[in-house]
Amino acid sequence: MEPSPIPRQPTPANATMFQAFEWYIPADHKHWLRLREAVAGLQATGIDNMWIPPACKGSSQQGNGYDIYDLYDLGEFDQKGGISTKWGTKQDLIQLVQRADEVRMGIYFDAVLNQKAGADRTEQCRVIEVDPNDRTKAITDPYFIDGWLGFDFPGRRGRYSTLTYHWYHFTGTDYNNANGKTAIYRILGDGKDWSKFVGKEKGNYDYLMFADLDYTHPEVEADVKAWGEWLCSQVPIKGIRFDAIKHYSEEFLQSLVEHLDDRIGPGWFLVGEFWQDSLDAMTTYIRNMQHKFSLFDAPLVYNFSSISNTENADLTKVFEGTLVGAEPVNAVTLVMNHDTQPYQALAADIQPFFKPLAYCLILLRAEGYPCVFFGDVYGIKGDHPLPPSCGGKVPDLCLARRLYAYGEQLDYFDFPQCIGWTRLGTWDRPSGLACVMSNAGRNEKWMYVGREHRGELWTDILGWEQGQITINDDGWGCFTCGAVSVAVWVNGSAEGRDHLGKL
């Protein structure tokens, strides 16, 4: 008797992350409600996990949450101008998470653990001023300032955590209320100094803004670890995005992750904002975190910006020096986020024509975990509003990733101004695709999609290229794209084609 064949394992569906905010969302306290209504539609387009904005109470009801005041207030207590955060109330947040769970969408929480803002009162402390460009160098003798360093959380009244914060819980601040002087003040005390486990830019990049938390203080460490447990008891989440991780102790963050694994259980998705273009620094951080951490691919964003702003740039070099090229499993690829969008501090100008090319490069390839930006799907508000990018085609590209971007990847990076690749599909997701793009004139490229597709008629899912391409008997096709454009070719009869163009 012949042995029974080993059953083939199903191909896991591709995952896609969605950043569910941009910087200029109106401060109407209704964002959680809007997202609750949107999650089913987003899931239908191929979004699996949603990175929500910082949900903890900021220093005002208009702040985006990076001006964090109270970790333990998710829009529950009357503090800093009201009960709600900019995004809504805690109850609104819980209803959003419940709806997301109903449609099988995970929630990633944005944890802002580097600083506190909006102190309730000043406290006197002894400091030295340091050179803003080299924080290891003192530029004054020690003296006393009145710093905004007293956090009492009066609206919460000790619920969830009884700890109030004082000057000795911080390493630095930037304002002396006694004379109105702004500077970078390193707070002095027994054994107190900048963390050594931070980025080395500016000599030591522990200090970023507001009141900088000191994770060598046992009360701070214990309170934040307890908050992690509390958060998971209040809001079921699938992962955490850690803000500004190069500005606070890597050693503490390792300890926090181990604590959560021990108390809550392993299996979290963890991603950090380690924003710089040094690939060596990023890969070192990933290794130090034992590859439990992913990072956003900042070098890739800068490559997109450079190529889109350079005439006849070399597309074949788009992945040179990128995190996705070096650590594809731990790279979160992106085109834009709230920090790099126009008129923000880290704005990375990507020309509109290049946005569709960039989204194809992150969504339709095998490497990296792509993150789609709210502003590219819904547009950007504020004083300089922008419509959705890519002619509204980002949802179609997300769905194409879910349906067709599987199997072996064959690259055709053989001409500087025109590149392409194909995905050959798998036994249970057989459709495959062919993507070709140009940053110059109209172009074409012969590419192999597999003999099993011979005779099929393929069309561009974006609708920008007209007509059909017939796959020849050897499994090849001549795939075209317009000038400074991209085309994504798929069998016109492939499963799910009727959903494209309707999102």
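## Around Tyr 302, and out to the barrel

Tyr 302 touches Trp 275, Asp 277 and Ala 348, leaving aside residues up to four places away in sequence. Keep in mind that this is a predicted model. Tyr 302 sits in helix H6. Is Tyr 302 exposed, partly exposed or buried? With a relative accessibility of 30%, Tyr 302 counts as partly exposed, because buried would need under 20% and exposed over 50%. One more handle on its surroundings: the C-alpha atoms of Tyr 302 and Val 318 are 9.7 Å apart, with 16 residues separating the two along the chain.

Now for the helix itself. Helix H6 covers residues 298–308, and nine of its 11 residues are buried, so H6 is largely enclosed by the rest of the structure. The buried set is Ala 298, Pro 299, Leu 300, Val 301, Asn 303, Phe 304, Ser 305, Ile 307 and Ser 308. What covers these residues of H6? Helix H5 (279–288), E15, E16 and H8 are included in the cover.

Two of those covering elements, E15 and E16, belong to a closed barrel of eight strands, which runs E1-E2-E5-E13-E14-E15-E16-E17 with parallel pairing. Going from one strand to the next, the twist averages 25°. Helix H8 (residues 355–363) packs on the sheet, where it touches E16 and strand E17 (369–373), and the direction of H8 makes about 145° with that of E17.

Within the barrel, strand E14 (residues 269–272) is covered on both faces. Phe 269 and Val 271 are buried on one side, and Leu 270 and Gly 272 are buried on the other. Leu 270 also turns up in the strand pairing, as the bridge partner of Ile 240. Over in E16, Ala 331 is the bridge partner of Leu 295.

Away from those barrel strands, take a look at strand E11. Spanning residues 181–187, E11 is mostly covered, with five of its seven residues buried. E11 pairs with strand E7, and Val 127 has Ile 187 of E11 as its bridge partner. E11 also pairs with strand E10, and here Tyr 175 stands opposite Thr 182 in E11. E10 and E11 make a hairpin with four residues between them. In that turn, Gly 180 has a positive phi of about 75°.

Here are the strand pairs side by side:

| Strand pair | Residues | Sense | Bridges |
|---|---|---|---|
| E15 and E16 | 294–296 and 331–334 | parallel | two |
| E13 and E14 | E13: 239–242 | parallel | four |
| E7 and E11 | E7: 121–131 | antiparallel | three |
| E10 and E11 | E10: 170–176 | antiparallel | four |

Finally, the pockets. How big is the volume of the largest pocket? The largest pocket has a volume of about 500 Å³. It is lined by 23 residues, and those closest to its centre are Leu 208, Met 209, Glu 273, Asp 339 and Leu 346. Sorted by class, the lining has 13 nonpolar residues, along with five polar and five charged ones.

Terms used:
Residues are numbered from 1 along each chain as its sequence is written. This is a predicted model: local features need pLDDT of at least 70, side-chain atom pairs count only at pLDDT 80 or more; totals for chains, interfaces and linings use all residues. Side-chain values use heavy atoms; hydrogens and water are left out. Two strands pair if DSSP finds at least two bridges between them. Axes are lines fitted to C-alpha atoms, for helices over the stretch in contact, and angles run from 0 to 180 degrees between N-to-C directions. Contact means heavy atoms within 4.5 Å. Buried means under 20% relative accessible area, exposed over 50%, partly exposed in between (1.4 Å probe, protein chains only). On a 1 Å grid over the protein atoms alone, a cavity is a set of points where a 1.4 Å probe fits but cannot get out, and a pocket is an open set with protein on both sides within 12 Å along at least five of seven lines; lining residues have an atom within 4 Å of a point. Grid points are joined across faces, edges and corners, and a volume is the space filled by probe spheres set on the points. Ala, Val, Leu, Ile, Met, Phe, Trp, Tyr, Cys and Pro count as nonpolar, Asp, Glu, Lys and Arg as charged, and the others, Gly among them, as polar.
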